[in-house]
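Here are some exercises to help you find your way around a structure that is new to you. Have a look at it first, then work through each task with its solution.

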Amino acid sequence: MTVSTVATQPFEDQEPGTSGLRKKTRAFMQPNYLENFVQAIFNATGGGAGKTFVIGGDGRYFNAEAIQKIIKIAAANGAARVIVGKDGILSTPAASHLIRKNKTDGGFILSASHNPGGIDEDFGVKFNASNGGPAPEGLTSRMFDATKVIESYAIAEFEDVDLGHVGTAGRGDLVIETVDPVKDYLALMEQLFDFDAIHALFAGGFTMCFDAMHAVTGPYAHAILEGRLGAPKGTVINGVPRVDFGRGHPDPNPIWAKPLVDLMMSDSAPDLGAASDGDGDRNMIVGRGAYVTPSDSLAVLAANAHLAPAYSGGLTGIARSMPTSGASDRVADRLGIGAYETPTGWKFFGNLLDAGKVTICGEESAGTGSSHVREKDGLWAVLLWLNILAKRDSSVAEILKEHWRAYGRDYYSRHDFEAVEPDRASALVDELTRSLADLPGREFAGLRVRAADQFSYRDPVDGSVSSNQGIRIFFEGGGRAVFRLSGTGTQGATLRVYLEQFEPADGDHEQDTQEALKAIRNAAHEVCSLEAHLGRTEPDVRT
Ligand code: VG1
Ligand code: CO
């Protein structure tokens, strides 16, 4: 095996964001760009000698080429074995499982998740550690530091590896194992859930539409829902991964999965609608006539998880990202278990899960997961819902309403202002940050501020501190607005405004969400002078 050492120059912009390094695909296609980043990961983690890595991605444009390069760089860095999904396909949770199951040293996941794919769209690389979880902040900053001083990378020269068949190949000292992307993941799901009960549910005429959004969950959903659980053919739609996701955004929310939501609100709605994102870690749940917000889904799943075999012994705790509504906190409270509030991004749940402090985690951005892997897991959430529906003999809408009657309802919506000029977005955030101390007691659009802060998190396991994780404004009367800038975009800045209004158990749970949030929205706009800063008042996306 011939190994070349290629001289290179640092790229200034290789700082990982909320979830890995995401850039325009053409940026990743520039000479040395991907190579530098991958070599920097080896440099930041003590090299690759003798190590084993999992490699796979969501099948988007450039996935196949990137995987071949990573295999060659791994070989040149002395790796002993790589485990690669057939055709380069692995969902993010399936990759996390393979990393853990095979006790590997980590994995490379090629995805820009919910961002669109194609030569003129987005690409991304995430490195996950040996626990199966996204590199924690300490590691991502070491990776970034390594990208700044890189002078060369090592790459082996050999023919591309055929990843089209399950089997084992060798190149020099490197063993390349091509695996069925679904098999081990399916086996894990079988351990967690009551598949007999779900099978019986479908056999009894329960209907479902799962929208794989032309992304990675297609093969998983076909095999699990239609193959193993007996759901009728046609239950899974858009089930073949495409390099450009059918030119859509593979983002499971009421905007990008609108056809599914429209179906669920129509007379011909099946019993359950669900969708997943580009890399299979997010989920959307919709009942007949009932959209379930991700924050509510987390709370309902936590409150009912004991109905699934894996969680019948109870949960140890529940974690949610800060912008996620407080619905799951009240479930934790009633269960008498810990509730944790972390910064946005799954990497912050890893320590809590590893330490056994929490069993279930979730984010308002349609991510839910548990201790079974170290990533959020879209199909896992769908299967847990199915398991609960199979055991409770109620509809999604009934379960949701009953939940609100027991715990109260959090009206919730996220408003995204996209492609904002970065300077304008920073000016808004900076000005708001400077005003925080003066806000309590003041009124905005008729709402009085009770408290306001910049969210900072101290990891209870390793004591590390992450500051500036979003601005929280609490209003009197149970409302909250959160402001933060996205860390996954590739163009301009995206301002996310998260709006929440609590309605107690005996309150009115039947209001329109945007109506119920109008007062908070008006106050949120006023408190940060949104129109003055951005020159507009309407968001691009409301989830
Ligand atoms: C977004 C979401 C965050 C999620 C992240 C990665 O980050 O808000 O909750 O963890 O995407 O999800 P940001 O920084 O753009 O708000 V995934 O499925 O896109 O990897
Ligand atoms: Co994702």
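## Where two domains meet

Between domain 1 and domain 3, the rule finds 0 salt bridges across the interface, a salt bridge being a side-chain nitrogen of Lys or Arg within 4 Å of a carboxyl oxygen of Asp or Glu. This is a predicted model, in which local features need pLDDT of at least 70, side-chain atom pairs count only at pLDDT 80 or more, and totals for chains, interfaces and linings use all residues. Residues are numbered from 1 along each chain as its sequence is written, chains are lettered from A and ligands numbered from 1 in the order in which they are written, and side-chain values use heavy atoms, leaving out hydrogens and water.

**Exercise 1.** Describe the interface of domain 1 and domain 3.

*Step 1.* Locate the parts: domain 1 covers 2-180 and domain 3 covers 409-542, with domain 2 at 185-407; these bounds come from an automatic or database domain assignment.

*Step 2.* Count the contacts (heavy atoms within 4.5 Å): 10 residues of domain 1 touch 7 residues of domain 3.

*Step 3.* Look for polar contacts: 4 residue pairs, both at pLDDT 80 or more, make one across the interface. Such a contact is a pair of N or O atoms within 3.5 Å; within protein, one must be able to donate a hydrogen and the other to accept it, and residues adjacent in sequence count only if both atoms are side-chain atoms.

**Exercise 2.** Find side chains with a polar atom beside an oxygen atom of ligand 1.

*Step 1.* Begin with Ser19, whose polar side-chain atom is 3.2 Å from a ligand 1 oxygen.

*Step 2.* Move on to Ser365, where the distance to an oxygen of ligand 1 is 2.6 Å.

*Step 3.* Finish with Arg484: a polar atom of its side chain lies 2.6 Å from an oxygen atom of the ligand.

**Exercise 3.** Which residue meets Asp251 in a salt bridge?

*Step 1.* Start from the total: the structure holds 37 salt bridges.

*Step 2.* Follow the side chain of Asp251 to that of Arg282, at 3.4 Å from N to O.

Note on methods. Buried area is the accessible area (1.4 Å probe) that two parts lose on being put together, summed over both.
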